[in-house]
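Here are a few exercises to work through with the model open beside you. Try each task yourself before you read its solution.

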Amino acid sequence: MMVLDCLGKFLIIDAGFRMPEEDMPGIDYLIPNTGWLKEHSQRIVGAVFTHGHYDHIGAIPYCWNRLGNPKMFMGKLAKGIVLKRQQQFSFQPRLNITEIEDSSKFKLGPFEIEAFRQNHNIPDNYGLLIKTPLGNIVHTSDFKFDRAPINDLPTDFKRLKKIGKEKILLLISDSTGAENEGRSLSERTIFKNLEKIFKEASGRIIGSTFASHLNRTQQLIELSAKYGRKVILEGLSMKNNVEIARTLKYIKAEKGLLKKAQDLRKLPEKQITLICTGAQGEEGATLMKIANGDYRFLKLKPGDSIIFSSSVIPGNERSVQYLKDQFYRKGAKVYHYKMLDIHASGHAYEEELLEMIKIMKPKFLMPVHGQFSMLVKHKEIGQKAGLKPENIKVMENGQVLNINNARAIIEKREVPAGQVMVDGLGIGDVGEIVLRDRQQLAKDGMFVIVAVVDKQHGKVKGSPDIISRGFVYLRENKELLQETRKRVISIVEKTTGRGGAVNWQYVKEELRNQISQFLFYKIKRRPMVMPVIIEV
Ligand SMILES: [Zn+2]
């Protein structure tokens, strides 16, 4: 999410989510912290959304209402995806969305905005020329240059050059591909390589890509039609996206081409393409189920071909390797982007970024999108394009760039911009403490002690009960348990004194501390110890 402030009026650009880190068990998404923006919500004049990827629209259901439901502008496809998702949040007020298309012009407060078509891996993606009284800004959106795309028009360089003549003060440009040398591959090349696989395949083809990568899905559908295969889609997000894109005519699929999962058993193998999600090795996704033999409608066998048509997101390498090994074990053929160019990035590589800067000739450059290292690399590219290093602003979330015709400085003040965790319907209710508990539970499990104590005399009655999960297998650790019980009794009896006015909180605190230390001393693990005392 980005906010432009001109003469005290705010324009929001995109509001997406990020996937959680590995050490955030149970967290669904990370969304931007909009606390500060909420305090100033009366200043918001509207919002523009560049395209329908979740990292650009995903936070809408979680923050739009609390920001006062500002006016939204977005392409037809993004609107379709946003409204479909909004059905799961039907208790929220209706969104006020205006559709935009290539060359759309609209005014929001002091911002005069013009949308221009940009190539990416999803159709209906728009860069923005934003004219303000202080100068002109270009926001590239996620983009790549493609002279021969599939399912889209080629990059309109004439148009871009025309925009470049508008005296651009600030270029805000996509950095995701900055660390890759040269130019990104054209979708046309990918199509040709995919076609080779379709020509040779003797059995079923299972193609896997991101649900949001609609251009790739379109290619797999088109090739299936050409080679006499029916298409089965699996994965809720995949099905939803294709349905929306088909209704809006961004994906072409003849009647009868798409079949249901049940038909996988009826159709001849050579006539089957299954397109599914899960190429990142996600737990529970169809591809993982197929790998483990848990997918009801299809069991792999020699002759089947698996296509991984997406790059591996850092952090997922191991799960993807596991998938590949499982497929090879079952005798299937595996194609991935390292063997064959069957994945094109949707993001401009080094030379394209350089070209964009040269076309726009901005005074200032702000690299956005991607990891910090990519922003820094983009800065180097900017310098290669002839910009002064002090005119390129690499920024962290929450920083404020103060810019006018003469200079751009990163201000000392920052706005609160930490990520907010979303778990189910809870927004921000999982904080550091809950997360730390979850991490501890995931690492060493839990250990519950239940002691019945005679409150008159402060003595433990019978033997304390011990329940544990994810710690040790209790039946095989009888000795440890025996010793723990003895300790529990002695700690309780020491801390209760002779009964009477007992500080039970203190008793529990002591139990927790001493038993934790004891368990750590014995087996070097730190389960979450939870004492329960029943007074009788
Ligand atoms: Zn994108």
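Two strands pair if DSSP finds at least two bridges between them. Helices (H or I, at least four residues) and strands (E, at least two) are DSSP runs, numbered from the N terminus. This is a predicted model, in which local features need pLDDT of at least 70, side-chain atom pairs count only at pLDDT 80 or more, and totals for chains, interfaces and linings use all residues. Residues are numbered from 1 along each chain as its sequence is written.

**Exercise 1.** Find the bridge partner of Val453 in strand 24, and describe how strand 23 and strand 24 pair.

Solution.
- Step 1: Locate strand 23 (residues 446-454) and strand 24 (residues 459-469); they pair in the antiparallel sense over 8 bridges.
- Step 2: Follow Val453 across to strand 24, where its bridge partner is Val460.
- Step 3: Look at the link: the two strands form a hairpin with 4 residues between them, and Gly458 in the turn has a positive phi of about 70 degrees.

**Exercise 2.** Trace the neighbours of strand 10 (residues 135-139) and decide how many of its 5 residues are buried.

Solution.
- Step 1: Strand 9 (residues 126-132) pairs with strand 10 in the antiparallel sense over 5 bridges, and the hairpin they form has 2 residues between them.
- Step 2: Lys131 stands opposite Asn136 in strand 10, while in strand 11 the bridge partner of Asn136 is Ile168.
- Step 3: With strand 11 (residues 168-174), strand 10 pairs in the parallel sense over 4 bridges.
- Step 4: Strand 10, helix 5 (residues 157-164) and strand 11 make a right-handed β-α-β unit (right-handed: with the strands pointing away from the viewer, the path from the first strand over the helix to the second runs clockwise).
- Step 5: Count the covered residues: 4 of the 5 in strand 10 are buried (20 or more other C-beta atoms within 10 Å of a residue's own, with C-beta atoms placed from the backbone).

**Exercise 3.** Which strands stand at the edges of the open sheet of 6 strands?

Solution.
- Step 1: Read the order, 14-13-15-12-16-17, with parallel pairing.
- Step 2: Strand 14 (258-259) and strand 17 (333-336) stand at the edges; each has a single partner strand, so one side of each is left without a neighbour in the sheet.
- Step 3: Turn to strand 13 (residues 230-234) and strand 15 (residues 272-276), which pair in the parallel sense over 5 bridges. Glu234 has Cys276 in strand 15 as its bridge partner.

Technical notes:
A residue is buried if 20 or more other C-beta atoms lie within 10 Å of its own, exposed if 12 or fewer, and partly exposed in between; C-beta atoms are placed from the backbone.
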